[in-house]
Amino acid sequence: MTRTPWLHTAATVGLTALVLAACGGGDGDRAASPAPEDTVTGTAPEGGERQNVDGKLKIGTVLPQTGDLAALGPAMVEAVRMGVEHVNEAGGVLGEPIELVEGDSGTNEQIANSVVDDHLRNNVDAIIGAASSRITLSIIDKVTSARVVECSPSNTGSNLTNYEADDPGFYFRTPPADNLQATALAELIAADGFSNVGIIALNDDYGQGFAKSLTMALQKAGATAAVNVPYDPVGTEFSADVQKLNEVKADSVVVISFPDTGSKILREMIAKGLGPDSIAVYTADGMQSGEVPKLVDPNNPAVLDGVKGTAPSSQGSEAFKQAFNEFAPEGTPQIFSAHAYDCVNIIALAAEKAGTDDPNLFRLEIVPITKDGDKCKDYASCKSLVDEGADVDYEGAAGPLDFVKSGEPAAGTYEVWVFNAAAEDGYEVTKTRDVASTEAT
C-alpha cells in the first residue's frame with residue numbers, strides 16, 4: 001500500500017499513533033448511561049486556562065470501529081490518519097508533528113464517554129468525532145467544558161446548530177445540517193412523482209430531527225408525510241414498527257437509519273410486502289454503505305437494487321479520491337472521508353494561524369480560515385500563506401466550507417445515490433445538487 005501526499009510533497013515527519021483498545025462484547029452496540037462526570041480529568045481550571053499548552057498539537061478520535069456505524073468508520077479513521085500524515089509531511093504544526101490518539105466510539109454512549117475520559121486525561125487539544133449526532137450529544141458538554149475543540153466529520157443533526165451559547169464555541173462540523181439534506185431528499189421524492197410518504201426513523205435526536213425537517217420539506221415540495229414511526233435505535237425486532245407503515249398505505253417509504261438496525265428494518269419491510277419490488281424506498285447518508293444489501297440478504301445483495309438515497313457529497317475532489325484510494329486499504333469506503341480529512345486540516349491550520357496549541361485561542365481561527373481569504377486546497381499551500389501573514393480560505397477536500405459563525409457549512413452539495421449490487425461500491429451516485437441555508441454568514 002503506497003501513501004502518496006495529496007497535491008503536495010514535503011519531507012516526511014514521523015506520525016505517532018496510539019491506538020486505544022475498543023470496548024466490545026455482546027452488549028457492545030447497546031446504549032447505556034454516559035460515564036459519570038466526576039470520572040473526567042483534564043478539564044480546564046477556573047478562568048479557562050489549560051495546563052497542557054506545550055507547543056505540540058495532540059488530536060484524539062472518537063470514531064466508530066464497532067457498533068451500528070462500524071461499516072462507515074474505516075473511511076473516517078483512514079482519512080484522519082492520512083490528514084495527519086500530510087500535515088506532518090508539510091512540517092507539522094508549530095514546527096512539531098501532530099500526535100494522534102485513536103479511540104472507538106462504538107456507536108454507544110458509554111463506550112464513547114470512556115474514550116473521551118481517556119483523551120482528556122491524556123490532555124488532547126482536539127477531538128475528531130463522534131460520527132453519530134446521538135453520540136456527540138452524549139459527549140459534547142464534557143468535551144467543550146474541558147475547553148477542548150471537537151470537530152465531527154459526519155454529524156448532521158439539526159439540533160447541533162447553535163448548541164453552544166458562544167459563537168464560535170468549541171464544537172465544529174464539516175458536513176452541513178440535516179435540514180438541508182431533508183430538502184434535497186424531499187425534492188427527489190416529489191420529482192419521482194410520490195406524494196404520500198411513510199417515514200421510519202431512529203427515535204433519537206438525529207432520526208427525529210431529520211424526520212421533522214423532512215416532514216416540513218415534503219410539504220414545501222407538495223407532498224405529505226403520512227406517518228413518522230420512531231423506532232428504538234438499540235432494538236432488535238421491528239415487526240410492530242413496520243406494521244405501522246403498512247397501515248397508512250403510503251406510496252413510498254423513507255428509512256432514516258444506520259446499517260445494523262436499518263438492514264433489519266428493510267428485511268422486515270420486504271417480508272411484509274414493503275420492499276423495493278413493491279413500493280418506492282428511500283434513505284439517507286447513514287445507510288450509504290455497500291454492506292447494507294449484504295446484511296439484508298447475504299444470498300441476494302441485489303435485493304435493494306433501486307433504493308435511492310441522498311448524502312452530503314463526501315468523496316471530495318478527484319485528487320483527494322485518488323490519494324485516499326492509494327493510502328487506505330483496498331475496498332475502504334469513502335463516505336465522509338473528505339470531511340474527516342478536512343477536520344484535521346482546519347484544526348491544524350487554526351493552531352498554526354493562532355501560533356499556539358491552546359484550544360481557547362485556536363478555536364477562534366477555525367471559522368475565519370474557511371472563508372474570505374486567499375484560497376488554498378491543502379495544508380501545505382495554506383500553511384505557506386499563513387507563514388506569509390496572509391488570511392487563508394481553506395477550500396477543503398469535500399469542497400468549500402464557508403463556515404457560518406456557529407462553526408458549520410452554510411450550504412451543502414448532496415449526492416443522489418442508488419443501491420446497485422453490480423457497482424463496485426454496492427451503490428452508485430447518479431447526480432448532485434446544491435442546497436443553501438438562509439443563515440447569515
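Tutor: Before we start, here is how residues are sorted: Ala, Val, Leu, Ile, Met, Phe, Trp, Tyr, Cys and Pro count as nonpolar, Asp, Glu, Lys and Arg as charged, and the others, Gly among them, as polar. Please also keep in mind that this is a predicted model.

Student: Thanks! How do the residues of the lining of the largest pocket divide by class?

Tutor: This pocket has a volume of about 610 Å³, and 25 residues line it. Sorted by class, they come out as 10 nonpolar, 9 polar and 6 charged.

Student: Which elements give two or more residues to that lining?

Tutor: Nearest the centre of the largest pocket lie Gly331, Thr332, Pro333, Glu424 and Asp425. Two or more lining residues apiece come from α8 (291–296) and α9 (318–327).

Student: Let's turn to salt bridges. How far apart in sequence are Asp204 and Arg134?

Tutor: Their side chains meet in a salt bridge at 3.1 Å, N to O. Asp204 sits in the loop between β7 (196–202) and α5 (205–220), and Arg134 belongs to helix α3 (residues 133–145), which puts the partners at a separation of 70 residues.

Student: Are Asp204 and Arg134 buried or exposed?

Tutor: The cut-off to use is that buried means under 20% relative accessible area. Asp204 has 8% and Arg134 has 9%. Because each value falls under that cut-off, both residues count as buried.

Student: And Glu408 with Arg173: what parts of the chain does that pair tie together?

Tutor: Here the side chains form a salt bridge of 2.7 Å, N to O. The partners are 235 residues apart in sequence, so the pair ties together the loop between β13 (392–394) and β14 (411–419), where Glu408 lies, and Arg173's strand, β6 (residues 171–173).

Student: What is the relative accessible area of Arg173?

Tutor: Glu408, its salt-bridge partner, is buried at 5% relative accessibility. Arg173 is buried as well, with a value of 0%.

Student: How do Asp192 and Lys308 count, buried or partly exposed?

Tutor: These two side chains also meet in a salt bridge, at 3.1 Å, N to O. Asp192 lies in the loop between α4 (178–191) and β7, and Lys308 in strand β11 (residues 308–312). Since buried means under 20%, Asp192 at 30% and Lys308 at 27% are both partly exposed.

Student: Which residues do salt bridges with shared partners join into one network?

Tutor: The structure holds 17 salt bridges. Those that share partners make one network of Glu78, Arg81 and Glu102.

Student: Which helix gives the largest share of the largest nonpolar core?

Tutor: That core has 105 residues, and Leu57, Ile98, Leu214, Leu266, Met269 and Ile347 have the most contacts inside it. The largest share, 11 residues, comes from helix α10 (residues 337–354).

Student: Beyond its neighbours within four places in sequence, what does Leu266 contact?

Tutor: Leu266 is among the residues with the most contacts inside the largest core. With those sequence neighbours left aside, its contacts are Val255, Val281, Met287, Val292, Val296 and Leu304.

Student: Last topic: what is the volume of the largest cavity?

Tutor: There are 3 cavities of 30 Å³ or more. The largest of them has a volume of about 100 Å³.

Student: Which residue of the Glu408–Arg173 salt bridge also lines the second largest cavity?

Tutor: About 80 Å³ of space lies in that cavity, and its lining has 3 nonpolar, 5 polar and 4 charged residues. Its lining includes Tyr171, Ser406, Gly407 and, from the salt bridge, Glu408.

How values were computed:
Residues numbered from 1 in each chain as written. Heavy atoms only, no water. Salt bridge = Lys/Arg side-chain N within 4 Å of Asp/Glu carboxyl O. Helix = DSSP H or I, 4+ residues; strand = E, 2+ residues; numbered from the N terminus. Buried < 20%, exposed > 50% of the residue type's maximum accessible area, 1.4 Å probe, protein only. 1 Å grid on protein atoms, 1.4 Å probe; cavity = no way out; pocket = protein on both sides within 12 Å on 5 of 7 lines; lining within 4 Å. Points joined across faces, edges and corners; volume = space filled by probe spheres on them. Core = buried A, V, L, I, M, F, W, Y, C linked by side-chain atoms within 4.5 Å. Contact = heavy atoms within 4.5 Å.
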